[in-house]
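Hi,

Here is the structure I promised to pass on. Have a look at it first, and my notes follow underneath.

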Number of protein chains: 2
Amino acid sequence: MNISLIAFDDFTDIDIYFLWDLLNRIEYPEWKVKILGTKAHHISMTGLRLETHGHISEANKSDAVLFGSGMGTRKLMNDTYYLNVFKLDPSLQLIGSMCSGALLLGGLGLIKGLEVTTYPTASGLLEQFGATYIEKPIVVNGNIATAAGCLAAVELSAWVSNRLTSPETTETMLSSVLPNGKGLESLQLTVLEEVSINGL
Amino acid sequence: MNISLIAFDDFTDIDIYFLWDLLNRIEYPEWKVKILGTKAHHISMTGLRLETHGHISEANKSDAVLFGSGMGTRKLMNDTYYLNVFKLDPSLQLIGSMCSGALLLGGLGLIKGLEVTTYPTASGLLEQFGATYIEKPIVVNGNIATAAGCLAAVELSAWVSNRLTSPETTETMLSSVLPNGKGLESLQLTVLEEVSINGL
């Protein structure tokens, strides 16, 4: 399984690093997580330098493609040179976003007519992509999931893991980051509930 | 206010990056967060390259010093050349750790006779430092706080913010990372409770 995390300049640290850490905790045969970008490194909104593992075009053959967030999305969401690199297929791949990463799904035409979530300050920008904002930690539409509020990275990681591995593997991953003495119920995950709401 | 995050080779990604992201969300006059190490960059357990902003000796003049975690702590907890660089004073500074970062507090002689928390797999190593393990998200002893389970970074960040800024500033920081549609109560923070348990 190949998991691609999409980074760019002016990304929000936690929405990349949290997914990276959580998804690297998954123990599954040939499970490989890569951070992809358009340069050898990207600089976050706080100035951290993140080295990439490959070009965004690698995402086109990944089993799951997850988009990071941050002010960088506002430039890229209308950048056809950037967007045209992606040839994603939600019938074959899992596609997800953290926070304002939903705007990139918008630019790619993947959320037209869908209810999705994004960081509240980005919600007004969804309309141009034909999507409707709903204020939930995660919204699943088939193979497309949008999550928002940085801590919802736990939800998005659980969704990817559940879909590509098993509930047991997901539980092991989640258990490894729980605050000491707390159980899985403390995460109050809504992801399974969302799946049923969308009838999938 | 100067906040130092202590990184080293073989660190756990999220225990540095989560603190970094959360603490950078704090808006307070002259609030400065730096990642300190012994080299220009350190490599995490998953292979990410983290550039440092300064040498660990800068921590000695910081208002708060927070230690990261990871397998690197096992080497450093008994490395006197490394440990002797630190001249920390818990009567003047806030000192904290994520997960196995507590072992470094142990090596520095800061937790002798105290009840502390650490990542469960590191708990057996606390005894040599005269500390007792308790399974809680965060344990506060005066100006020293140990937190464990990676998601407890929220607790440690809230503790630092509460002590150095204000409850309002802390609330704003925490609100900015909540999963969409969830309130602060969903974080189930125990940090204030811990403070009262320790009578401080």
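In chain A, take the contacts between residues at least 6 apart in sequence: 64% of them join residues at least 24 apart. Keep in mind that this is a predicted model.

Some overall figures for chain A next. Its secondary structure comes to seven helices and eleven strands. The C-alpha trace spans about 45 × 35 × 30 Å along the principal axes of chain A. For 200 residues, a compact globule would have a radius of gyration near 16 Å, and the 15 Å of chain A agrees with that. Of the 200 residues in chain A, 57% are buried. The chain exposes about 7,800 Å², and carbon and sulfur atoms supply 51% of that area. As for charges, chain A has 13 positive and 21 negative ones, and the mean positions of the two sets are 7 Å apart.

Now for a few loop residues in chain A. Which value of phi does Cys99(A) have, given that it is not a glycine? Phi is positive there, at about 45°. Cys99(A) sits in the loop between strand 7 (94-98) and helix 4 (102-107) of chain A, and it is buried, with a relative accessible area of 2%.

Gln188(A) is another non-glycine residue with a positive phi, in this case near 50°. You'll find Gln188(A) in the loop between helix 6 (167-175) and helix 7 (191-197) of chain A. Gln188(A) is partly exposed, its relative accessible area being 33%.

Asp79(A) belongs to the loop that runs between helix 2 (72-76) and helix 3 (80-83) of chain A. With a relative accessible area of 27%, Asp79(A) is partly exposed. Its C-alpha atom is separated by 9.7 Å from that of Leu104(A), and these two residues are 25 apart along the chain.

Over in chain B, I picked out helix 6 (residues 167-175), where Thr169(B), Thr170(B), Met173(B) and Leu174(B) are buried. Why do they end up on the same side of helix 6 of chain B? Because they cover an arc of only 135° around the axis. What do these buried residues pack against? Their partners are helix 1 (13-24) and helix 5 (153-164) of chain B. On the face of helix 6 of chain B turned away from the buried side, you'll see the exposed residues Glu168(B) and Thr172(B).

That's what I have for now.

Cheers

Key
Residues numbered from 1 in each chain as written. Chains lettered and ligands numbered in written order. Predicted model: local features only at pLDDT ≥ 70, side-chain atom pairs only at ≥ 80, totals over all residues. Heavy atoms only, no water. Buried < 20%, exposed > 50% of the residue type's maximum accessible area, 1.4 Å probe, protein only. Helix = DSSP H or I, 4+ residues; strand = E, 2+ residues; numbered from the N terminus. Arc of directions from axis to C-beta. Contact = heavy atoms within 4.5 Å. Rg over C-alpha atoms; globule rule 2.2 N^0.38 Å. Areas by Shrake-Rupley, 256 points an atom, 1.4 Å probe, with all protein chains shown as cover. Lys, Arg positive; Asp, Glu negative; His and termini not counted. Charge placed at Lys NZ, Arg CZ, Asp CG, Glu CD.
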